[in-house]
Structure formats: structure tokens, C-alpha cells
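Reader: I have the sequence and the model open side by side. Could you walk me through how its labels were arrived at?

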Amino acid sequence: MSAHLQGLQGSLFDQTDDIRLGPLSGVRRTVLGDGAWIDLLPGWLHGADALFEHLADAVPWRAERRQMYDQVVDVPRLLAFYGTDDPLPHPVLDEARDALSAHYAAELGEPFATAGLCLYRDGRDSVAWHGDRHGRGASEDTMVAILSVGTPRDLLLRPRRPAGAAGRGGAGRATLRQSLGHGDLIVMGGSCQRTWEHAVPKSTHATGPRISIQFRPQGVA
Ligand SMILES: O=C(O)CCC(=O)C(=O)O
Ligand SMILES: [Fe+2]
């Protein structure tokens, strides 16, 4: 190999090496009400574009189909799931999970265990209004920590409509809109999964792809 090529490989390697997390001390909390809160840390991960490229290639993305009323429809995003003992697709994600577990240990009382990944290929991909209520989040306070890489997309949050109430969610209270990409961290905590709901709406603007990495405690889904 020529010295020139070696030099080039060296610099590419440095770029990959420079995927790293900043300190979590800069996290800022917003209390939403009804026992729910969000923590935000823009740009927690440095080298987010390099991690995006790695995950886009290395993760075994699945297209899913779901029953919707009397039809089977495509889920409008690609998915991957890593259980407690599954090796994560990049070592920085192990670091992220461990750093989050340490930072929130006292408040959460258990570690973050699983990682769900979503790939939003473009503005047509989305996730509809929901809370992460398939598991314990339906009945207990918990946390879902989301690291975003790639092109920012808006995550919307609104209070959940009380059971039986008619009309749109939130009883007229404002919807929160948070742009997330390029290494940003959001943590939804407290009662957020049962008293609030969140969504990533479709975008009519031309938008590049985004990957969301969601860390959850065991049994939260
Ligand atoms: O893309 C995101 O950050 C949100 C994903 C989400 O809400 C979910 O998978 O439960
Ligand atoms: Fe969710």
C-alpha cells in the first residue's frame, strides 16, 4: 500500500474513532405536568453523522407490516430491536446505555436494558401518536431515552386525552415540538408514557434520513 493510501486510511479511521459522547451534566429538564417531564441535551454525541452511516449499513433493518382495522399496512419506518443480552451495533451505544444508566440510577432505580432502533428513510416515514404503553410504562413511572442521529425530525408531545373524552388530545393544551437529530438526546420520564403521547409526523419538506435509538428498562416497550 502506498504511503498516500495509508495516510488516507489513517484519516478515515480517525473520523470513525471520533464518535464519542459528551458529559450528561448539561441535561436540562422541562416539567410537562401530570407527573411527566423531558430532559434534553442537544449534541450529546459527537460524530453523529459517522454513527448514522455505520448504523444505516450495519443494522439488520426490518420492514414490518401491521394490521390496521381490516387492512394490513406497511409500518412507515424500518426497525431493529436489541434485547438485554444482544450486542449493540456500535460500541458507543453500549457507552451511551451505561452512561444513561449511571446518570439516572437514583431516579430510575434500574438500568436501561434494551435498545429499539427506527430508521426514518425520508419525510414519508413517521410514527403516529402513541405512548410506549405495551409494557410497564402503562402503569408505572419509567424512562425512555432517545439518541437521534442523521437529519433532524420533529418529535411532538401532547397530553393524553382522558379516557372517554371526545375530540382531539390535550384538552386544548399546546403541543410541544422538539427537533431531534445530529446526536441530540431526549429522555421522556415520570408518567410521560401514560399521561402524554408522542409522535414523529410525516414531513412534506424534502428531508434526509434519521435514525432514532431508544433505550428502555427491561419490560418497558
Ligand atoms: O423516532 C423517535 O424518536 C420516536 C420513536 C418512538 O416513539 C418509538 O419507537 O416508540
Ligand atoms: Fe414511542
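Reader: What makes strand S10 and S11 a pair in this predicted model?

Author: Two strands pair if there are at least two bridges between them. Five bridges join S10, residues 153-159, to S11, and the two run antiparallel, so they count as a pair. Within it, Asp154 stands opposite Ser179 of S11.

Reader: And why are S8 and S11 called edge strands?

Author: Start with the sheet, which is open, has four strands and follows the order S8-S13-S10-S11 with antiparallel pairing. Strand S8 (127-130) and strand S11 (176-180) each pair on one side only, which is what puts them at the edges. On average, neighbouring strands of this sheet are turned by 20 degrees against each other, direction ignored.

Reader: Thanks! Now the loops: why is Pro87 called exposed?

Author: Pro87 has 9 other C-beta atoms within 10 Å. A residue is exposed if that count is 12 or fewer, so Pro87 is exposed. Its place is the loop between strand S6 (71-82) and helix H3 (91-103). From Pro87 to Arg177, the C-alpha atoms are 33 Å apart, with the two positions 90 residues apart in sequence numbering.

Reader: Is Asp34 buried, exposed or partly exposed, and how do you know?

Author: Asp34 has 15 other C-beta atoms within 10 Å. Exposed needs 12 or fewer and buried needs 20 or more; the count for Asp34 falls in between, so Asp34 is partly exposed. This residue sits in the loop between strand S2 (28-33) and strand S3 (36-41). Its phi is near 55 degrees, a positive value in a residue other than glycine.

Reader: What makes Tyr69 exposed?

Author: Again the count decides: Tyr69 has 5 other C-beta atoms within 10 Å, and 12 or fewer means exposed. Tyr69 lies in the loop between strand S5 (62-68) and S6, and phi of Tyr69 is positive too, near 55 degrees.

Reader: Last one: how do you know which residues belong to the shell around ligand 1?

Author: A residue is near the ligand if its C-beta atom lies within 6 Å of it. The residues surrounding ligand 1 are Gly116, Cys118, Val127, Asp132, Ile146, Leu155, His198, Val200, Ser212 and Gln214. Strand S7 (114-120), strand S13 (196-200) and strand S14 (210-216) each supply at least two residues of this shell. By class, the shell has five nonpolar, four polar and one charged residues.

Technical notes. Residues are numbered from 1 along each chain as its sequence is written. Chains are lettered from A and ligands numbered from 1 in the order in which they are written. This is a predicted model: local features need pLDDT of at least 70, side-chain atom pairs count only at pLDDT 80 or more; totals for chains, interfaces and linings use all residues. Ala, Val, Leu, Ile, Met, Phe, Trp, Tyr, Cys and Pro count as nonpolar, Asp, Glu, Lys and Arg as charged, and the others, Gly among them, as polar. Axes are lines fitted to C-alpha atoms, for helices over the stretch in contact, and angles run from 0 to 180 degrees between N-to-C directions.
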